[in-house]
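Trainee: Could we go through this model together, one question at a time, with the terms explained as they come up?

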Amino acid sequence: MLLCSVLGKLAFRSWMLLPLLFLGSAGLVAALLSLLLQPNPTLDQNVGLSAPLLFGFAAALAAGTAGHVRWRSRWQRRVLRLAYPLLLVACALAIDEVPLPVVAALVVGPISVALLVAVLLRAHRDHAECSHA
């Protein structure tokens, strides 16, 4: 029996961008919720994001998808596979809250969501191992 992942293989660059695109997408969701749930929302306000929560999830995303990367060289697989998620964990531990302007989240967020969907669809499309199962 062949066990296949849904993700497929990620390009190295896509793997590096995946946690950052997640952070941008989460900022968009937080900004939209802030605008929807406040009684008098304005675009000049900031939304406070929990850095430990967001960077922790980004680190888990990087660590969890590291096995699905087409590494260019052996040193990348050995060093970056551990160092990049650890860098994100260090950010989670070092930063308490990130004040994000709502306007910035509304501008960057949709771009992040679109790129995140494109990266995931491309990785899934390039995955040919499971198409014959």
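Trainee: How many bridges join β2 to strand β4?

Mentor: This is a predicted model, in which local features need pLDDT of at least 70 and side-chain atom pairs count only at pLDDT 80 or more, while totals for chains, interfaces and linings use all residues. Residues are numbered from 1 along each chain as its sequence is written, and side-chain values use heavy atoms, with hydrogens and water left out. Helices (H or I, at least four residues) and strands (E, at least two) are DSSP runs numbered from the N terminus, and two strands pair if DSSP finds at least two bridges between them. Strand β4 covers residues 97-101 and runs antiparallel to β2, and the number of bridges joining them is 5.

Trainee: Which residue of β4 is the bridge partner of N46?

Mentor: N46 belongs to β2, where it points to the face whose side chains are not buried. Its bridge partner in β4 is P101.

Trainee: Which side chains of β2 point to one face and are buried?

Mentor: Buried means under 20% relative accessible area, exposed means over 50%, and partly exposed lies in between, with a 1.4 Å probe and protein chains only. The side chains alternate along β2, with N46, G48 and S50 pointing to one face and not buried, whereas those pointing to the other face, and buried, are V47 and L49.

Trainee: Which element gives the most to the largest nonpolar core?

Mentor: A nonpolar core is a set of buried Ala, Val, Leu, Ile, Met, Phe, Trp, Tyr and Cys residues joined through side-chain atoms within 4.5 Å. The largest one has 29 residues, and those with the most contacts inside it are L10, F12, W15, F55, W71 and L88. At least two residues of this core come from each of α1 (12-37), β2 (46-50), α2 (51-65), α3 (74-94) and α4 (102-125). The element that gives the most, with 8 residues, is α1.

Trainee: Why does the end-to-end distance of α1 agree with its length?

Mentor: The expected span of a helix is 1.5 Å times one less than its number of residues. For the 26 residues of α1 this gives 38 Å, which agrees with the distance between its end C-alpha atoms, 38 Å.

Trainee: Where does α1 bend by about 35°?

Mentor: The bend at a residue is the angle between axes fitted to the seven residues ending there and the seven starting there. In α1 a proline, P19, follows within four residues of the bend, which is at L18.

Trainee: How many aromatic pairs does a search of the whole structure find, and which residues form one aromatic cluster?

Mentor: Rings of Phe, Tyr and Trp (its six-membered ring) pair if their centres lie within 6.5 Å, and planes under 30 degrees apart count as stacked, over 60 as edge-to-face and the rest as tilted. The search finds 4 aromatic pairs. The rings of F12 and W15 have centres 6.5 Å apart and planes at 35°, so this pair is tilted, as is the pair of F12 and W71, at 6.0 Å centre to centre and 55° between the planes. One aromatic cluster is formed by F12, W15, W71 and Y84.

Trainee: Is Q76 buried or exposed?

Mentor: Q76 has its place in helix α3. Contact means heavy atoms within 4.5 Å, and, leaving aside its neighbours within four places in sequence, Q76 is in contact with F12, W71 and R81. At 6% relative accessibility, Q76 counts as buried.
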